[in-house]
Amino acid sequence: MSDTVNKAQARINILLSLTLLILLLLIWAILSVVTPSFATANNFVNLMRQASLWAIIAIGETFVIITTGIDLAVGAVVGFAGVIVAMLLKAGVSIWASVLITLAVGVAIGAFHGFGVLKLGLPPFIMTLATLTALHGIGLLMTNGSTISGLPDAFTDFSREAFLGIPSLFWMVILVAIPSYVYLHLSRWGRHLFAVGSNAEAARLSGVNVSTTIYTAYILSSLLAAFAGILTASRLSMGLATNGTGWELQAIASTVIGGTSLFGAIGSVPGPLLGAILLTTINNGGTLLNVNSFWQLIITGGLIIVIVYFDQLRRRR
Amino acid sequence: MDRPAPQGGPDPATPILEMRDLDKRFTGTHALKSINLAFVAGEIHAIVGENGAGKSTLIKLLTGVYPKTSGEIFWKGQRVDLDGPHDALALGINAVHQEVVLCPHLTVAANLFLGNENTRYGLLQSRAMVRSAREVLDGLGFSVPADVVLSTLTIGQQQLVATARASLRGTRFLIFDEPTSYLTRRETAQLFALIRRLKSEGVTIVYISHRLEEVFELADRVSVLRDGQLISTHRVDEIDEQGLIRAMSNRSIEQIYYKEAIPTGPLLLEVQGFSGDGFEDISLSVHRGEIVGLYGLVGAGRSEFVESLFGRFPHSAGTLRWEGHEITVRNERDAIKRGLALLPESRRTQGLCLNLSLSLNVNLAIYERLSRFITIKRAAETAAADRQIKDLHIVAPSRSTLVASLSGGNQQKVVVGKWLNHGADLFLFDEPTVGVDVGTKLEIYRLLAKLLRDGAGIIMVSSYLPEVYELSDVLHVFRHKQLVASYQHKEASMEAILTQAIGV
């Protein structure tokens, strides 16, 4: 008897996990009908480009949140990485080398977060809040607060290109999402990540290397944020330390809308992807409908509460 | 069972609190079985019993922390329902717990008057409160400052503050749960003076302790609990320590144990002079095919010892020899690689990832083995989970069920299954059958026998004497951080072993 009940419940759960996708498609359908410009190729490509950047940092954020941590520095890393890559390019370093060095800087920042959380014992919130502030300062100091423009065409054209009709930025999401999916859902390290988030002590006593696992999460988060920073610099054709300001909140909102639990041990890769696309759609649709951008913020806030509330209801069953 | 109270003592005609057929069941365990006991107003009534005899459960029923399963409680002859701590406090029932339940960041005075602050126009009268706190503490004869932050005091002083707080607010019935565990001799004397003073003011005291000498020093009457049953109540001048120990340990053989005659194999682990936080100078050895039991009272240092063996905590001195070779175990991963497995005392906080699936939990230690290159072989993962579900008869809707929704017995099987999946030469079982139903207990005992047959060695920590007594090939007794006695299988009586553990 309990078996049938459980199957029924499993079916309901699958249905509810689809609701986010259904909600997204519904909004798309409505926007296509009520605005003439939403369903145009041009607008869609634009929407995908913006969603791409948020999706990439939201996936990294998800890893950290699964360990019961939080990474507030992702937005600052976006701006900082943009400054680094722009300065390197201006200094005549090749595009590939500039990108690799910038990604390495991302890894270093993530490792520093892991160090602060594990070795210094700082709460993740404080540690990453501190680097958020400091990275902003360093970026502004390095650039004297100004914009670095005049980047090579090969670099800036990349984000405007499309391949097989799909914007290259969205290909980058696929490039990130597939290995992330393998890491989180198909590899032992993903299982260890969930176990550490659920009960670090039990994981440790089972032979899981808890510190390596947590280091990995913070490093991946900063690495992906640095990658998003490079793409942002390419898209905007400039490096600016204040790029990405506030994106940490978009990343956290995307992942939470996508079903990640701030209490840890619950999360997925498709979740933050859908969450980021949904958030972008709301912004995009609001603009097309001529909704006051202040109202868009209010609507976004309200939607986060509604979506996460229903998600929690589902879990409590 | 009640006997007349001593001459000139409390009036036996008016029990202040009476329990009739009080019963408490948890899933899988019958913690208290039809308790009938009346406390006489103004007496000091000690309750003794082994770990797990039901003392803590009894306190929690009387203070309204747990709801009773059946039976009745009478307060001054009136039937009462204690639906929460608030109800008990309103009647004047209060308890001082073994661990201090106060706010460590607030001052002593603030703690004393928490929820009952002295205010004027809504503003705290801090200075006045400190002054009256000092009066209270001095009046009780406690040398504890009133204006310092609680956490800067020793545990013993904090305990005294907790006691002072409990005695403040019209308490008529005060329960002490092992109050002297962390107290120095001087603090103990201060506490006893307070208890006697409360008694002289007519407060009824229930005093729970392992330390029998305290019982005889302080109490008027003493009741013995064993396995959730009230065994007997005595006036302290009618019984001696040996008599109490006999009452605590005598058992009719109602539990079933399972032990096979397995020949002892070669030496596996030799521990020499092992010391660390919570245990001192422990030496013992384990052979393949052998269960080494560690018995003692809670806090004697057994869990700390096995967790240090497993690399969970560092040790300050001593050597480990594994099959004759000296080894060092720096952390848990070292221990696991060496062939040790720890089944920790607390399933929920140390053993399981509760909000994750059964499959992930039983496979957590072996994902490396289940992987090919970077991905996990799904078929191998499900097969490994299903094998443990089948072999251990884990009752669960499916392998993807969250562990939190399983019963205690099945949760314990998941922890066991994790280590069976991994395999080990030496299994460290810390309280393997706590909170587990009788059927599952027997399955666990059979499983121990199977591990021994397969050539493993076992160290088993248990606070339930009959269990270690029946199952151990060698039984070591811990008391106050030290290994104080060792026995071959059933070499001594349970009474003798309990005597060693209590240290009469």
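**Exercise 1.** Determine whether A:Ala265 of this predicted model is buried or exposed, and describe its backbone and its place in the chain.

*Solution.* Step 1: count the neighbours. A:Ala265 has 22 C-beta neighbours inside 10 Å. Step 2: apply the cut-off. A residue is buried if 20 or more other C-beta atoms lie within 10 Å of its own, so A:Ala265 counts as buried. Step 3: locate the residue. A:Ala265 belongs to the loop between α11 (247-257) and α12 (270-288) of chain A. Step 4: inspect the backbone. Phi of A:Ala265 is positive, about 70 degrees, although the residue is not a glycine.

**Exercise 2.** Carry out the analysis of Exercise 1 for B:Phe373: where is it found, what is its phi, and is it buried or exposed?

*Solution.* Step 1: B:Phe373 lies in the loop between β19 (371-372) and β20 (375-376) of chain B. Step 2: its phi is near 55 degrees, which is a positive value in a residue other than glycine. Step 3: B:Phe373 has 5 other C-beta atoms within 10 Å. The cut-off for an exposed residue is 12 or fewer, and B:Phe373 is therefore exposed.

**Exercise 3.** Classify the packing of α3 (residues 74-90) of chain A against α10 (residues 210-236) of chain A, and state which residues make the contact.

*Solution.* Step 1: choose the descriptors. Two packed helices are described by the angle between their axes and the distance between the axes. Step 2: for α3(A) and α10(A), the angle is about 55 degrees and the axes are 7 Å apart. Step 3: that angle makes α3(A) oblique to α10(A). The crossing of the two helices is right-handed. Step 4: list the contact. From α3(A) come A:Val74, A:Val77, A:Val78, A:Gly79, A:Phe80, A:Ala81, A:Gly82, A:Val85 and A:Ala86; from α10(A) come A:Ser221, A:Ser222, A:Ala225, A:Ala226, A:Ala228, A:Gly229, A:Ile230, A:Thr232 and A:Ala233. Step 5: sorted by class, these residues comprise twelve nonpolar, six polar and no charged.

**Exercise 4.** Helix α3(A) also packs against α11(A). Give the geometry and the composition of this contact.

*Solution.* Step 1: the angle between α3(A) and α11(A) is about 130 degrees, and their axes are 6 Å apart. Step 2: the two helices are therefore oblique to each other. Step 3: A:Val74, A:Gly75 and A:Val78 in α3(A) meet A:Trp247, A:Glu248 and A:Ala251 in α11(A). Step 4: the contact of α3(A) with α11(A) contains four nonpolar, one polar and one charged residues.

**Exercise 5.** Analyse the pair formed by α4 (residues 95-118) and α5 (residues 124-143) of chain A.

*Solution.* Step 1: α4(A) and α5(A) pack at about 140 degrees, with axes 9 Å apart. Step 2: roughly antiparallel requires an angle over 145 degrees, so α4(A) is oblique to α5(A). Step 3: α4(A) passes α5(A) in a right-handed crossing. Step 4: A:Ile109, A:Phe112, A:His113, A:Gly116 and A:Val117 of α4(A) make the contact with A:Pro124, A:Met127, A:Thr128 and A:Thr131 of α5(A). Step 5: the classes are five nonpolar, four polar and no charged.

**Exercise 6.** Test whether the length of helix α15 (residues 408-422) of chain B agrees with expectation, and assess its burial.

*Solution.* Step 1: at 1.5 Å a residue, the 15 residues of α15(B) should span 21 Å. Step 2: the end C-alpha atoms of α15(B) are 22 Å apart, which agrees. Step 3: twelve of the 15 residues are buried, so α15(B) is largely enclosed by the rest of the structure. Among the buried residues are B:Lys413, B:Lys418 and B:Trp419. Step 4: B:Gly423 follows α15(B), with a positive phi near 85 degrees.

**Exercise 7.** Describe the side of chain A that touches chain B.

*Solution.* Step 1: 23 residues of chain A are in contact with 24 residues of chain B. Step 2: α1 (2-34), α7 (168-186), α8 (188-198) and α9 (200-205) of chain A each supply at least two residues of that side. Step 3: α8(A) gives the most, with six residues. Step 4: this side of chain A divides into nine nonpolar, nine polar and five charged residues.

Definitions and conventions
Residues are numbered from 1 along each chain as its sequence is written. Chains are lettered from A and ligands numbered from 1 in the order in which they are written. This is a predicted model: local features need pLDDT of at least 70, side-chain atom pairs count only at pLDDT 80 or more; totals for chains, interfaces and linings use all residues. Axes are lines fitted to C-alpha atoms, for helices over the stretch in contact, and angles run from 0 to 180 degrees between N-to-C directions. Helices (H or I, at least four residues) and strands (E, at least two) are DSSP runs, numbered from the N terminus. Angles under 35 degrees count as roughly parallel, over 145 as roughly antiparallel, 65 to 115 as roughly perpendicular and the rest as oblique. A crossing is left-handed if the near helix is turned anticlockwise from the far one by less than a right angle, and right-handed if clockwise. Two residues are in contact if their C-beta atoms, placed from the backbone, lie within 7 Å. Ala, Val, Leu, Ile, Met, Phe, Trp, Tyr, Cys and Pro count as nonpolar, Asp, Glu, Lys and Arg as charged, and the others, Gly among them, as polar. The expected span of a helix is 1.5 Å times one less than its number of residues.
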